[in-house]
Amino acid sequence: MTIEAYFIDGQTSKRRACLVTLQANAISIVYYDDSLQKLSSTWRVDAILRQDLRTTSNYIKYGDFPHQVLEFNSEQDLSRIIEYYPEALFHQSAYNKFSTFGWKGMVSALVGVIMVAVFFFFYGVPFIADSFARSIPKEYETYIGNNFRQTYLQYQTIDTLRSEQIQQFYNQMNLESDYDISVVVVDSKIINAFALPGGYIVVFSGLLEMLEEEDELAGLLAHEASHINERHSLRLISKDLAMYVLFASLTGDVGGFSSILIENSNLVSSLSYSRNFEKEADLEGFDLLVNSEINPKGMISLFAKFQSINSKMEQELAKKMGMDSTDLDESSDTAKAWFVRFIENVPEILSTHPIPENRIRYLEEEMSQLDPTLTFRENDSLKLYFDKLLKTSKVSVDSSHLGFD
Ligand SMILES: [Zn+2]
């Protein structure tokens, strides 16, 4: 079959009349150049470029860029070629390609899309939220933190005298920080402390009662200061909110959005950082102390205290449940019941924080790597403020919440 058409050879943009002959697997094109010399080109049908012929005009292309082009006089001429090569790929559009994909192809495409979505949800969103939290201006961060702090302290009794003393103690430590950190003591039996965005630390008097040396308080404050320097709580809240907003937009549950905001402002005191954040605060706090020439060993003895109170609590709990912890081995059913009750009663700090043994281990490793010629300053002023703090009125301690956040 022969069809009249126009040919562009890809070398020049000149459009020349040509004769197209359709063969079994190839199209042969004969044309004449300017000096009327007869030339020809042969296109392999399976190498004609694929395109959506429903949307383009009546031409087909061949070869590398710049392509050779065959332009037909009418759609009918192009149709004749398509009908001549019904199986050829060049006239199979993307739409046709998809429908010949088969259900297996569709399923794997769907699985792929879901996997990308899941990856985005669990890695992309937290990553974006984290970068966002890091980029919030410090002034705004302090504004948010101060709001949280005021909301929280509204319902607490502040120990004004000890707040002043602990603030003086903190100032004497002279830790590096971009933030103007302010420390407040809340009168409570609970053994806890936490940091808020923008430079606020809250310490419960219950935690102060269990301290014996100024190094321990220094260790605690350095840990909290590192949470502030690294913006841990803002990063955590921002991640929670981003996940919530995404989830709400997927499920259409927008009404709950305001409730999570309220929840976050009330529950700032019980923010549970990830183990990574805790470890980071421990190690950076350790460095802050060393840089300020304060002996970081207090951090370790602080965790040793948690550890011993912790195991005492476990024993007491086991006694309360009417069994000794040695009963654990005897019956797996009883052991399970004991374990469930223990988990229900376990302080939040122990379920989310690195266990004290681990913290002691990696901090001791840091200690062993310190330059042995390093000297720490004689902390007379720290000792002075610490002794004042200790002398100030004492409360009894409720160890059901143990540690610091
Ligand atoms: Zn912490």
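Helices here are DSSP runs of H or I with at least four residues, strands are runs of E with at least two, and both are numbered from the N terminus. By that reckoning the protein has 15 helices and nine strands. What you're looking at is a predicted model, so to speak of local features takes a pLDDT of at least 70, side-chain atom pairs count only at pLDDT 80 or more, and totals for chains, interfaces and linings use all residues. Residues are numbered from 1 along each chain as its sequence is written.

Let's start with helix α5, residues 160–173. Its 14 residues should span 20 Å at 1.5 Å a residue (the expected span is 1.5 Å times one less than the number of residues), and its end C-alpha atoms are indeed 20 Å apart. Now for burial: call a residue buried if 20 or more other C-beta atoms lie within 10 Å of its own, exposed if 12 or fewer, and partly exposed in between, with C-beta atoms placed from the backbone. In α5 the buried ones are Arg162, Gln165, Ile166, Phe169, Tyr170 and Met173. Down the axis of α5 they fall within an arc of 140 degrees (taken over the directions from the helix axis to the C-beta atoms), so they line one face of the helix. The cover over them includes β7 (182–186), β9 (200–204), α6 (205–209), α7 (214–229) and α15 (380–391). After α5 comes Asn174, with a positive phi near 60 degrees.

Phe169 also turns up in the largest nonpolar core, meaning a set of buried Ala, Val, Leu, Ile, Met, Phe, Trp, Tyr and Cys residues joined through C-beta atoms within 7 Å. That core has 45 residues, and Phe169, Ile201, Val203 and Leu221 touch the most other members. Helix α7 gives the most to this core, with seven residues. Apart from it lies another core, of 16 residues, including Ile3, Cys18, Val20 and Ile60.

Helix α4 (residues 138–153) can be read in a similar spirit. Its buried residues are Glu141, Gly145, Phe148, Arg149 and Tyr152. They cover an arc of only 100 degrees around the axis, which puts them on the same side of α4. On the other side, Glu139, Tyr140 and Gln150 are exposed.

Finally, the strands. Four bridges join β5 (residues 59–62) to β6 (residues 68–72), and the two run antiparallel; strands pair if DSSP finds at least two bridges between them. Tyr59 has Glu71 as its bridge partner in β6. Five residues sit between the strands of this hairpin, where Gly63 takes a positive phi near 80 degrees.

Terms used:
Two residues are in contact if their C-beta atoms, placed from the backbone, lie within 7 Å.
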